[in-house]
Amino acid sequence: MRVGVHINRFDHSGGGSALGAELAATGRAAEAAGVSWLSVMDHYFQMEFNGGAEAPMLEAYTTLGYLAGQTSTVQLGALVTGVTYRHPGLLAKIATSLDVLSGGRATLGIGAAWYGREHEGLGVPFPPLAERFERLEEALRVCLQMWDPQNDGPFEGKHYRLAETLCVPAPVSSPRPEIMIGGGGEKKTLRLVARYGDACNLFTTSPDEVRHKLDVLRAHCETEGRDYDTIRKTVAHSGEAVNEGDLDALTREIEGYTGLGIDTVILSPRLGETSGWMESFVAPAVQRLAGLD
């Protein structure tokens, strides 16, 4: 298994002025540790369980662009962008810019969105769940058309209409940036993974639950005529061992997920300062988890 890291807090003891240097140090430490994936949350407000809306939160793609300039090998993405946050044509352009400037290291992480308070707080429309899933599927289609060099014509959907799907310069990734769809909803989300996704992201609720979700994904792939093995499987893990720096406990927590075809375990610490933790805990974790299959 490979190891990724998800940065989800920005409450640095030195305040906002210290965040740039801390993120730069984190990016360098991640690559030195052998981390394959580095992500940030895409939220307007910090989540309630992670400090609340009054806690610091950076804009995701500005932060990813900064990290791109501080790194050279690690894959970069938001985990994940809510479909309601940006018009899909603009989102495709933003993700393309990240891909171009990072040398082809961008992943478009996307989901149906859920955090109502931040939408209401900043005046962003937050339609009902069923409509958000309709918009998610259309957004995926828009992005794929934006990245199709043979099709820069109009897009006509129920929720989005684009007169031109121009995207110049084109992505550096071949054939395009990876699309990661976050969430484990069995009827809609995993169906969208099978139809449009290059990667999925599930929570480490339990090995049995993850195995079940992957079985559901496999069934959707059969329905869609998709090769299940072409989809990269990732899990997000924020267990006690991650925050306490207990490598043996982390190994025990992750061992149950071996044999499921998981490509990457994305560690999600509730820390505002991650560079030192990257060196002391993540570097040995990369070596330890590489022995798990």
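In S11, Thr264 is the bridge partner of Arg2. This pairing offers a handy way into the structure, which is a predicted model. Strand S11 covers residues 264-267, and its pairing with S1 is parallel, with four bridges between the two. Strand S1 also pairs with strand S2 (residues 37-40), again in the parallel sense and through four bridges. Here Ile7 is the residue that stands opposite Val40 in S2. Between these two strands the chain passes through helix H1, residues 19-33, and the resulting β-α-β crossover from S1 to S2 is right-handed.

With partners in both S11 and S2, how is strand S1 placed with respect to the rest of the structure? The strand spans residues 2-7, and five of its six residues are buried, so S1 is largely enclosed by the rest of the structure.

The cysteines come next. How many disulfides does a search of the whole structure find? The search returns zero. Two residues help to show why, given that a disulfide requires cysteine sulfur atoms within 2.5 Å. For Cys143, the closest cysteine sulfur belongs to Cys167 and lies 9.0 Å away, which is too far for a bond. Cys143 itself counts as buried because its relative accessibility is 0%. For Cys200, the closest cysteine sulfur is that of Cys221, at 9.0 Å, and this too is too far for a bond. Cys200 is likewise buried, its relative accessible area being 0%.

Attention now turns to the open spaces of the model. The largest pocket holds about 740 Å³ of space. Its lining is made up of 33 residues, and those closest to the centre of the pocket are Met47, Leu79, Val80, Trp114 and Phe203. Several elements each give two or more residues to this lining: helix H5 (129-146), together with strands S4 (81-82), S8 (178-182), S9 (199-203) and S10 (232-237). Which of the elements gives the most to the lining of the largest pocket? That element is H5, with four residues.

For a reader wondering about the chemical character of this pocket, the lining divides by class into 15 nonpolar residues, 15 polar residues and three charged residues.

Notes:
Residues are numbered from 1 along each chain as its sequence is written. This is a predicted model: local features need pLDDT of at least 70, side-chain atom pairs count only at pLDDT 80 or more; totals for chains, interfaces and linings use all residues. Side-chain values use heavy atoms; hydrogens and water are left out. Buried means under 20% relative accessible area, exposed over 50%, partly exposed in between (1.4 Å probe, protein chains only). Two strands pair if DSSP finds at least two bridges between them. A crossover is right-handed if, with the strands pointing away from the viewer, the path from the first strand over the helix to the second runs clockwise. On a 1 Å grid over the protein atoms alone, a cavity is a set of points where a 1.4 Å probe fits but cannot get out, and a pocket is an open set with protein on both sides within 12 Å along at least five of seven lines; lining residues have an atom within 4 Å of a point. Grid points are joined across faces, edges and corners, and a volume is the space filled by probe spheres set on the points. Ala, Val, Leu, Ile, Met, Phe, Trp, Tyr, Cys and Pro count as nonpolar, Asp, Glu, Lys and Arg as charged, and the others, Gly among them, as polar.
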